[in-house]
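Please go through the labels attached to this model and give the reason behind each one.

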Amino acid sequence: MQAFLARRPGAASHAVRREGAAALRATTVKFEKYQGLGNDFILVDNRASPEPIMTPEQAAAMCDRNFGVGGDGVIFAMSSDTCDYKMRIYNSDGSEPEMCGNGIRCMAKYIFTHLEGKTEGGAGQDTTYTIETGAGEIVPVIRGSDGQVVVDMGLPILDGPSVPTTLKPTDGDMVVKAPITVAGQDWEVTCVSMGNPHAIVFVPDLDAVDLAKVGPPFEVDPAFPAKINVEFVQVMSPTHLKMKVWERGAGPTLACGTGACALTVAAIKAGEVGDSRACTVTLPGGPLEIEWREANGRIYMTGPAEPSFSGTYHVR
Ligand code: ZDR
């Protein structure tokens with residue numbers, strides 16, 4: 001459980017099959033399905049157990065869009081000794097990331113409605129949760145006024161070896177617009193960790209990027225020892241960035257919260273947006289508002305999270 005002691009850049013937890021996770025003996029499990037900008041997650045009440053109640057393989061089967069429920073990941077809402085709750089998540093391939101930005105917005109709504117039995121739109125007050133994650137404590141706030149979730153995503157990790165990447169730092173200890181050849185093409189990548197690793201590529205024309213062709217080789221390129229989430233970004237204006245993502249362990253998703261934060265930091269560091277520290281990031285599934293606050297260096301992400309359906313899954 002060392003992954004949960006503190007934010008651990010490049011934590012080796014990813015893709016580690018946890019021998020300790022016992023196969024779920026129950027034949028059925030109740031779940032709620034949520035999505036944030038089309039990045040969709042299966043939420044499970046795991047408070048009764050200190051380990052996920054499913055193996056990574058069972059979670060991957062549940063994420064299958066034909067043979068299972070369908071989802072980009074399974075999120076286990078657990079008890080925590082240090083925070084209000086703890087989040088663990090398996091990607092749709094069964095690997096375990098340290099953090100998930102869209103997932104944590106979904107988890108905040110799930111806690112509010114399903115674990116605490118509250119109803120939105122009542123008094124209009126904000127509701128704050130502290131959540132223990134593999135990237136340290138993350139704090140989502142459900143905004144009473146409009147139901148959007150504002151998340152304090154913490155500090156970005158900028159030094160290359162901690163992201164982790166083996167690419168040579170180009171700006172102090174940071175990897176900014178470093179050359180790399182992937183899928184027979186030359187690119188420039190900027191590397192940022194939000195607890196999980198991201199490589200950001202600025203391109204003049206997002207439509208020209210063939211994600212299915214370049215995503216898979218980026219994900220496993222040896223320059224990224226913990227694999228990588230890769231975001232292609234077109235700068236529309238200093239306050240508007242447009243992106244496409246290939247996620248580690250999940251492939252092309254409609255949205256990536258940690259990615260939107262990472263690319264905003266990358267855009268500032270790479271001199272793509274001047275000194276504008278707040279922007280709208282248009283993801284395939286819709287917009288997120290991101291601010292890298294100068295006063296404390298922390299990143300704030302604001303976006304939606306909505307329930308889509310509930311069910312009982314027959315475990316296999
Ligand atoms: C991108 C993500 N969906 C989010 O919203 O932050 C995170 C999922 C984890 C990602 N696939 C990884 O780091 O393995």
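The questions below take up the ligand site and then three residues of this predicted model.

Q: Which residues are closest to the ligand, and how many residues surround the ligand?
A: The ligand is surrounded by 14 residues, and the closest are Gly-101, Arg-248, Cys-256, Gly-257 and Thr-258. A residue belongs to this set if one of its heavy atoms lies within 4 Å of the ligand.

Q: What makes the pair formed by the ligand and the side chain of Thr-258 a polar contact?
A: An oxygen atom of the ligand lies 2.6 Å from an N or O atom in the Thr-258 side chain. The cut-off for a pair of N or O atoms is within 3.5 Å, so the pair counts as a polar contact.

Q: Which other residues have a polar atom paired with an oxygen atom of the ligand, Asn-229 through what part and Asn-102 through what part?
A: For Asn-229, an N or O atom in the side chain is 2.8 Å from an oxygen atom of the ligand. For Asn-102, a polar backbone atom is 2.9 Å from an oxygen atom of the ligand. On its own the ligand has 370 Å² of accessible area, and the protein covers 100% of that area.

Q: Where does the ligand sit?
A: The ligand sits in the largest cavity. Two or more residues of the shell come from each of the elements α2 (101–115) and α4 (257–269).

Q: How do the residues of the shell around the ligand divide into nonpolar, polar and charged?
A: Four are nonpolar, eight polar and two charged. Gly is counted among the polar residues in this scheme.

Q: Why is Pro-56 called buried?
A: Pro-56 has 2% relative accessibility. Buried means under 20%, so Pro-56 counts as buried. Pro-56 lies in helix α1 (residues 56–63). Its C-alpha is 6.5 Å from that of Tyr-90, with the two positions 34 residues apart in sequence numbering.

Q: Why does Val-315 count as buried?
A: The relative accessibility of Val-315 is 19%. That is under 20%, so the label is buried. Val-315 is placed in the segment after β18 (306–314). Val-315 and Thr-28 are 287 residues apart in sequence, yet 5.5 Å apart from C-alpha to C-alpha.

Q: What makes Ser-276 buried, and where is its place?
A: At 18% relative accessibility, Ser-276 falls under 20% and therefore counts as buried. Ser-276 is in the loop between α4 and β15 (278–283).

Q: How do you know that Ser-276 and Ala-278 form a polar contact?
A: A polar atom of the Ser-276 side chain lies 3.4 Å from the backbone oxygen of Ala-278. That distance is within 3.5 Å, so the pair meets the distance cut-off.

Definitions and conventions: Residues numbered from 1 in each chain as written. Predicted model: local features only at pLDDT ≥ 70, side-chain atom pairs only at ≥ 80, totals over all residues. Heavy atoms only, no water. Polar contact = N/O pair within 3.5 Å; in protein donor to acceptor, adjacent residues only side chain to side chain. Areas by Shrake-Rupley, 256 points an atom, 1.4 Å probe, with all protein chains shown as cover. 1 Å grid on protein atoms, 1.4 Å probe; cavity = no way out; pocket = protein on both sides within 12 Å on 5 of 7 lines; lining within 4 Å. Sits in = over half its atoms within 2 Å of the grid points. Helix = DSSP H or I, 4+ residues; strand = E, 2+ residues; numbered from the N terminus. Buried < 20%, exposed > 50% of the residue type's maximum accessible area, 1.4 Å probe, protein only.
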